[in-house]
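Me: I should like to go through the terms used for this protein and see how each one is justified. Please set the values against the definitions.

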Amino acid sequence: MCGIVGHVGLKNSVSNVVEGLKRLEYRGYDSAGVCFKSKKSELKLCKKSGKLQNLIDSLEEVDLENSHACIGHTRWATHGEVNDTNAHPHLAENIGIVHNGIIENATKLKSELKSEGMKFLSETDSEVFLGLVVRAFKTTKTLQEAVSIAFKQIEGNSAFLIMDKDREEIVAIKRGAPLVCGSQSHGSDIFTSSDPYALVGMADTIYFPEDEVICVLDIKTDPLIQFFELDGSYSKRFLMQEQEMNLELSEKGEFEHYMLKEIHEQPALIRSFAQYYSNLGGISFHSLTGIEPKLIHVVACGTAWHAGLVIKNFVEKFNKIPCNVEQASEFRYRNPLLLEGELGLFISQSGETADTLAAQELCTKSGLKTISVVNVEGSTLYRNCDENMLIRAGIEIGVASTKAFTQQVLTGYLYSSALLKKFEDGYYIKEFNLLADRIDSILNRSEEIEEIASEIYNKKGFIFTGRGSYFPIALEGALKLKEIAYVHAEGYAAGELKHGPIALIDEEMVNIAIVGKELYDKTVSNIQEVKARRGIIVTIGPEGDASLEEMSDYYIGLNYTDLGDLAPLYVNVVNQLLSYYMAKFKGTDIDKPRNLAKSVTVE
Ligand code: F6R
């Protein structure tokens with residue numbers, strides 16, 4: 001989704017902002033632009049639809065070094081089509097703005113401003129906020145005051161950067177949307193962005209302002225970044241953190257795509273994750289939150305929701321605590337029954353997914369304790385939950401989530417064990433290391449999976465099936481495939497096939513059938529049913545199962561019998577590789593699939 005970056009410094013503001021925007025490309029966007037202050041004390045605007053390179057090319061004539069303040073944006077269209085005019089920043093009366101999010105009362109505000117004679121160039125809701133700032137600035141002494149007045153008039157979740165021609169200053173503010181500021185321990189460059197990753201290697205201290213805190217970045221003040229409440233008084237509502245991320249860790253290295261790199265990172269991550277939590281002596285959330293929950297509402301979106309479905313199996317099996325797993329977009333609007341003694345567990349890689357955040361807020365308002373299973377430390381979800389379990393996946397750049405899913409499930413597994421107070425010395429290390437070894441072994445068989453992918457990638461459609469703990473893996477396999485290969489794929493509980501989807505089966509349909517230890521015979525019967533209708537069978541099943549192999553068109557035998565409850569994660573890596581190679585044969589943009597965004601910060 002949209003990304004924002006701002007810089008104030010003695011020079012090179014545009015280059016710093018463009019560098020930040022490059023880092024945010026992975027989030028998905030359709031146009032990009034910058035607004036900057038040049039020596040002549042006027043604001044310049046440059047924006048282009050399409051790839052960031054279009055913007056970079058158009059900046060060739062600009063004296064980049066002599067820019068002292070700049071705001072930049074990568075847009076993911078919500079209001080108005082993709083074109084240069086609708087791209088951000090927007091500029092009027094020497095005030096420039098960039099915006100992430102949605103202004104829900106934009107239509108009403110726009111007609112009010114129009115009736116006062118204001119003209120709009122774009123179709124965006126963002127320009128409405130610019131209009132409000134322009135109007136307010138006619139009656140206020142400072143830009144900060146004008147922003148405060150304008151911000152109080154808008155509804156919905158948004159983050160803004162605003163600058164004007166007279167000061168080398170950026171004003172930043174947000175409600176329910178990500179925004180950070182950054183400074184250097186040595187140096188006078190100051191930054192702001194929607195994602196701390198944009199600032200890796202540039203800022204070493206990151207500030208996370210809370211909602212409705214006005215951040216003023218100005219290299220002439222001390223401190224360089226100041227925080228205010230909307231009434232103008234100083235604010236302490238921000239969190240400060242050292243930036244630990246290393247730029248090298250976020251590069252593709254020898255891999256052709258980030259997705260492939262991230263799939264390959266999984267064994268090492270699993271090993272270090274086990275070691276990390278073992279060193280901490282496990283996780284003891286029940287004591288931290290002070291309750292043994294009567295019921296857990298597990299709420300998430302997309303891949304994280306699939307992880308929730310796997311975690312439900314652990315918690316219900318080991319802890320005998322009922323779990324209600326729901327998609328956040330449904331949960332937040334259906335008036336869920338939330339009772340005393342229940343717990344909200346929110347799973348999110350980014351910690352910024354709008355629906356998940358709203359669901360968490362709903363639980364908190366209803367008096368429930370909330371825990372996150374989250375990757376980004378300091379994200380909004382992390383800050384809003386009572387307790388957090390970090391999945392420690394490192395930065396995930398590929399839009400299609402892979403390693404985060406694995407780490408989310410493992411974190412849920414530890415959570416379930418923590419509720420049982422079960423953390424014998426070294427036990428998890430052995431179990432997790434075995435899983436890591438098996439994933440290594442399947443990664444070493446990538447060529448075999450690539451070969452299968454080459455034979456099936458152009459078939460009409462794909463149905464992933466599984467039972468029990470493999471059902472969420474079937475759902476995840478189908479999601480991954482449709483996201484990156486742009487083919488129609490469905491995940492089904494194997495036993496459900498005959499209740500409808502079997503009508504789709506013919507010689508052009510592929511059934512990727514996961515056969516686990518549980519309900520083996522029944523799952524094999526489901527495969528027979530597809531076979532009888534001439535469907536193409538790709539089976540992921542136990543190693544050395546000759547009859548199953550015989551029945552299948554393609555067979556991927558796995559040694560998972562001793563992996564117990566973690567076996568679904570092993571199988572899932574096969575699906576990740578299958579999707580990756582099928583997408584590669586189709587020639588799609590694997591790391592940045594069309595229409596998708598890494599972090600879905602709007603509804
Ligand atoms: C799929 C994928 C998405 C995300 C979903 C939630 O590959 O990445 O389905 O899982 O948008 O995102 P987070 O986990 O950031 O809340």
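**Strands, cysteines, a helix and domains**

Reply: Phe36 stands opposite Cys70 in β4, a strand being a DSSP run of E of at least two residues and a helix one of H or I of at least four, numbered from the N terminus. The model is predicted, so local features need pLDDT of at least 70 and side-chain atom pairs pLDDT 80 or more, while totals for chains, interfaces and linings use all residues. Residues are numbered from 1 along each chain as its sequence is written, and side-chain values use heavy atoms, leaving out hydrogens and water.

Me: What makes β2 and β4 a pair of strands?

Reply: Two strands pair if DSSP finds at least two bridges between them. Strand β2 (residues 31–37) is joined to β4 by seven bridges, so the definition is met. The two run antiparallel. Strand β1 (residues 3–8) also runs antiparallel to β4, with six bridges, and Ile4 has His73 as its bridge partner there.

Me: Why is Cys46 called buried?

Reply: Buried means under 20% relative accessible area, exposed means over 50%, and partly exposed lies in between (1.4 Å probe, protein chains only). Cys46 has 13% relative accessibility and therefore counts as buried. Cys323, with a relative accessible area of 7%, is buried too. In β4 (residues 69–75), seven of the seven residues are buried. Both faces of this strand are covered, with Ala69, Ile71, His73 and Arg75 on one side and Cys70, Gly72 and Thr74 on the other.

Me: How do you know that Cys323 has no bond to Cys363?

Reply: A disulfide is a pair of cysteine sulfur atoms within 2.5 Å. The sulfur of Cys323 is 13 Å from that of Cys363, its closest cysteine sulfur, which is too far for a bond. Searching the whole structure gives zero disulfides. Cys46 is likewise in no disulfide, the nearest cysteine sulfur, in Cys70, being 9.9 Å away.

Me: How does the span of α16 fit the expected value?

Reply: The expected span of a helix is 1.5 Å times one less than its number of residues. Helix α16 (residues 471–485) has 15 residues and reaches 21 Å from first C-alpha to last, close to the expected 21 Å. Of its 15 residues, 12 are buried, including Pro472, Leu475 and Ile484.

Me: What is the area buried between domain 1 and domain 2?

Reply: Buried area is the accessible area (1.4 Å probe) that two parts lose on being put together, summed over both. For domain 1 and domain 2 this comes to about 900 Å², 63% of it on carbon and sulfur atoms. In domain 1, Tyr26, Pro178 and Phe208 lose the most area to domain 2, together 44% of what that side buries.
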